[in-house]
Amino acid sequence: QVQLVESGGGSVQAGGSLRLSCAASGRPISFSNYFMGWSRQALGKERQLIAVISPSGDWTYYADSVEGRFTISRDNAENTMYLQMSSLEPEDTAAYSCSQSPHAPRTLAGFFSWGQGTQVTVSS
């Protein structure tokens, strides 16, 4: 597993947008061989898988709670994955983390470990 660093979080009003980034350190050649995913964990709540993207970017998965509002993408040339978040609501407030998987996962169990993430706070 390569080392991943999340960034782009912050505070935003309801209805606003943010773009999160997940960058692989050292620009590893293997980045493009893995599925990538985003999860979030609100204070006092369990972690939730919210989006997954295939190595080439031609397949994606979204949790029902974010589908239609969030878009996952990746730039393999830059070894970076993104999460474009629009129409944000207070319920989206959480720490957002990224991870990798060697197969096509739709659950948290299919991924490697998650980091501390980047905090997103949405005010009403």
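Which residue stands opposite V122 in β10? Keep that question in mind; Exercise 1 answers it.

The model is predicted, so local features need pLDDT of at least 70, side-chain atom pairs count only at pLDDT 80 or more, and totals for chains, interfaces and linings use all residues. Residues are numbered from 1 along each chain as its sequence is written, and side-chain values use heavy atoms, with hydrogens and water left out.

**Exercise 1. Strand β10 and its partners**

Task: Find the strands that pair with β10, and describe where its side chains point.

Solution:

Step 1. Start with the terms. Strands (E, at least two residues) are DSSP runs, numbered from the N terminus. Two strands pair if DSSP finds at least two bridges between them.

Step 2. Look at β2, residues 10–13. This strand pairs with β10 in the parallel sense, over 4 bridges. The opening question is settled here: V12 is the residue opposite V122.

Step 3. Now turn to β9, residues 94–101. Its pairing with β10 is antiparallel and has 3 bridges. A95 has Q119 as its bridge partner, and A94 stands opposite V120.

Step 4. Follow the side chains along β10, residues 118–123. They alternate: T118, V120 and V122 point to one face and are buried, while Q119, T121 and S123 point to the other and are not. Buried means under 20% relative accessible area, exposed over 50%, and partly exposed in between (1.4 Å probe, protein chains only).

**Exercise 2. The disulfide**

Task: Which cysteines does a disulfide join, and which parts of the chain does the pair tie together?

Solution:

Step 1. A disulfide is a pair of cysteine sulfur atoms within 2.5 Å. By this rule there is 1 disulfide.

Step 2. The disulfide links C22 and C98, with an S to S distance of 2.0 Å. C22 sits in strand β3 (residues 18–24) and C98 in strand β9, so the pair ties together parts that are 76 residues apart in sequence.

Step 3. Check the handedness. The torsion about the S-S bond of C22 and C98 is about 75°, so this disulfide is right-handed.

Step 4. Check the surroundings. C22 and C98 are both buried. As for strand β9, 8 of its 8 residues are buried, so the strand is largely enclosed by the rest of the structure.

**Exercise 3. R40 and its charged partners**

Task: Is R40 buried or exposed, and which salt bridges join R40, R69 and D92 into one network?

Solution:

Step 1. Place the residue. R40 belongs to strand β4, residues 35–41. With 6% relative accessibility, R40 counts as buried.

Step 2. Look across to the next strand. β4 and β9 run antiparallel and are joined by 7 bridges, and R40 stands opposite Y96.

Step 3. Look for polar contacts. These are pairs of N or O atoms within 3.5 Å; within protein, one must be able to donate a hydrogen and the other to accept it, and residues adjacent in sequence count only if both atoms are side-chain atoms. The side chain of R40 has such a contact of 2.9 Å with that of D92, and one of 3.0 Å with that of Y96.

Step 4. Search for salt bridges, where a side-chain nitrogen of Lys or Arg is within 4 Å of a carboxyl oxygen of Asp or Glu. The whole structure holds 2 of them. One is between D92 and R40, whose closest N and O atoms are 2.9 Å apart. D92 lies in the loop between β8 (80–85) and β9, 52 residues from R40.

Step 5. R69 and D92 also form a salt bridge, at 2.8 Å from N to O. R69 lies in the loop between β6 (60–62) and β7 (70–75), so this pair ties together parts that are 23 residues apart in sequence. R69 counts as partly exposed, at 21% relative accessibility, while D92 counts as buried, at 2%. Through shared partners, these salt bridges join R40, R69 and D92 into one network.

**Exercise 4. An open sheet**

Task: What is the strand order of the open sheet of 4 strands, and which strands stand at its edges?

Solution:

Step 1. Read the order: β1-β3-β8-β7, with antiparallel pairing.

Step 2. Find the edges. β1 (4–7) and β7 each have a single partner strand, so one side of each is left without a neighbour in the sheet.

Step 3. Zoom in on one pair. β7 and β8 share 6 bridges in the antiparallel sense, and F70 has M85 in β8 as its bridge partner.
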